[in-house]
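Welcome! Please take a look at the sequence and the model below, and then we will walk through a helix and a metal site together.

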Amino acid sequence: MKVTNLMEQIVEDVMEEHWKNLKIECTCQLCKNDILAVTLNALSPRYVAHDKGRVIVKARMMDEQMQADVLREIARAANIVSAKPSHE
Ligand SMILES: [Zn+2]
């Protein structure tokens with residue numbers, strides 16, 4: 001496998017889980033991707049080079065504080081994108 005930023009998967013998972021609780025003006029794929037990108041830019045990437053690293057980082061993500069941090073950034077990104085969507 002190639003080096004991947006595990007944060008991408010983690011943010012997607014947390015976003016999916018809390019999607020209905022977020023205040024989002026538009027829920028189209030474009031806005032969803034924008035929120036994902038803004039969130040990922042705000043968080044430190046977690047690169048893994050192999051499956052063992054993947055398991056370790058995933059385990060750390062189960063940490064409640066970490067989940068709260070990710071969710072907070074998603075909510076912030078949702079506000080930004082909702083206020084200024086990149087389409088009409
Ligand atoms: Zn949209």
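Let us begin with helix α1, residues 6–18 (helices, H or I, of at least four residues, and strands, E, of at least two, are DSSP runs numbered from the N terminus). Its 13 residues should span 18 Å at 1.5 Å a residue, and the end C-alpha atoms lie 19 Å apart, which agrees; the expected span is 1.5 Å times one less than the number of residues.

This is a predicted model, where local features need pLDDT of at least 70, side-chain atom pairs count only at pLDDT 80 or more, and totals for chains, interfaces and linings use all residues. Residues are numbered from 1 along each chain as its sequence is written, and side-chain values use heavy atoms, leaving out hydrogens and water.

Which residues of α1 are buried? They are Leu6, Met7, Ile10, Val11, Val14, Met15 and His18. These residues cover an arc of only 160° around the axis (taken from the directions from the helix axis to the C-beta atoms), so they sit on the same side of α1. Their packing partners are β1 (4–5), α2 (29–42), β2 (47–48), α3 (51–61) and α4 (64–83).

Now for the metal. The zinc ion has protein donors (N, O and S atoms within 2.8 Å of the metal, or 3.2 Å for Na, K and Ca) at 2.1 to 2.3 Å: Cys26 (SG), Cys28 (SG), Cys31 (SG) and His87 (NE2). Along the chain, these donors follow the spacing C-x1-C-x2-C-x55-H.

Two of the cysteines are partly exposed (buried is under 20% relative accessible area, exposed over 50%, partly exposed in between, with a 1.4 Å probe and protein chains only):

| Residue | Relative accessible area |
|---|---|
| Cys26 | 24% |
| Cys28 | 27% |

Key: Contact = heavy atoms within 4.5 Å.
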